[in-house]
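Hi,

Here's the structure I promised to pass on. Have a look at it first, then read my notes underneath.

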Amino acid sequence: GGSELQLAAFAEHIFRQVDTDRTDALEADEVNQLVHELAKAGDRIYTEAQLNDEVNVCMGFAKGGGGGFRSLNLADFQRYASSREREFGELHKKLAHVRVAEEVFRRFDTDSSHSLDAHELHHVLHELAKSHGLTVTDEVVNRECTRCLDGYAKSYTSRIRSVTLAEFQRYAMTLRVYLRE
């Protein structure tokens, strides 16, 4: 059905991102990286042994290169993805949050400083709430501003505290309520 098609397309998108050396195949180290991301997206803590097992499961979908060296082509990878539909679904949701956060960040970075100061952040949080039909008081927004700046603003250089896009995205991941799809 439609969800299988979506999963295959999403799996291809992930495949392209993970295939950093552009060989149109995933080697074990690339698969290892991906398995880490899948675990993180689902808030699962894997032991080293469990991660290795999962890498082996994924590599097991490979049609097999000679001499014990295996890599995974796109079709193999899509078969693996459909065997892990829930995990890929979680990753898809997480990446959607990150994308929404980026769009909002760019819209409110009015001075193009590539960071949001408290004033800009205030507007962002109000806007996010509004776009989800939530009414939030200034008090709530101020508290969130403080939480964001205190917890995530690590790399600002001026006296004015601000968050970079990456910092804002990390913060946004904790905002389930704002970033519902």
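Below is what turned up, starting with a pocket and ending with two residues.

A quick note before that: this is a predicted model, where local features need pLDDT of at least 70, side-chain atom pairs count only at pLDDT 80 or more, and totals for chains, interfaces and linings use all residues. Residues are numbered from 1 along each chain as its sequence is written, and side-chain values use heavy atoms, with hydrogens and water left out.

The pocket: the largest one holds about 340 Å³ of space. Among its 14 lining residues, His13, Ile14, Gln17, Leu91 and Leu95 are the closest to the centre. Helix α5 (85–108) gives two or more residues to the lining, and so do α1 (2–18) and α2 (28–41). The largest share, 6 residues, is from α5.

Next, Arg22, which sits in the loop between α1 and α2. Arg22 counts as exposed because its relative accessibility is 61% (exposed means over 50%, with a 1.4 Å probe and protein chains only). A polar atom of its side chain lies 2.7 Å from the backbone oxygen of Asp19 and one lies 3.1 Å from the backbone oxygen of Arg16.

Last, Ser115 in strand β1 (residues 115–117). Is Ser115 buried or exposed? At 13% relative accessibility, Ser115 counts as buried (under 20%). Leaving out residues up to four places away in sequence, Ser115 touches (heavy atoms within 4.5 Å) Phe105, Asp109, Glu120, Ser162, Val163 and Thr164. With Ser162 there is a side chain to side chain polar contact at 3.3 Å (a pair of N or O atoms within 3.5 Å, one able to donate a hydrogen and the other to accept it).

Cheers

Definitions and conventions:
On a 1 Å grid over the protein atoms alone, a cavity is a set of points where a 1.4 Å probe fits but cannot get out, and a pocket is an open set with protein on both sides within 12 Å along at least five of seven lines; lining residues have an atom within 4 Å of a point. Grid points are joined across faces, edges and corners, and a volume is the space filled by probe spheres set on the points. Helices (H or I, at least four residues) and strands (E, at least two) are DSSP runs, numbered from the N terminus.
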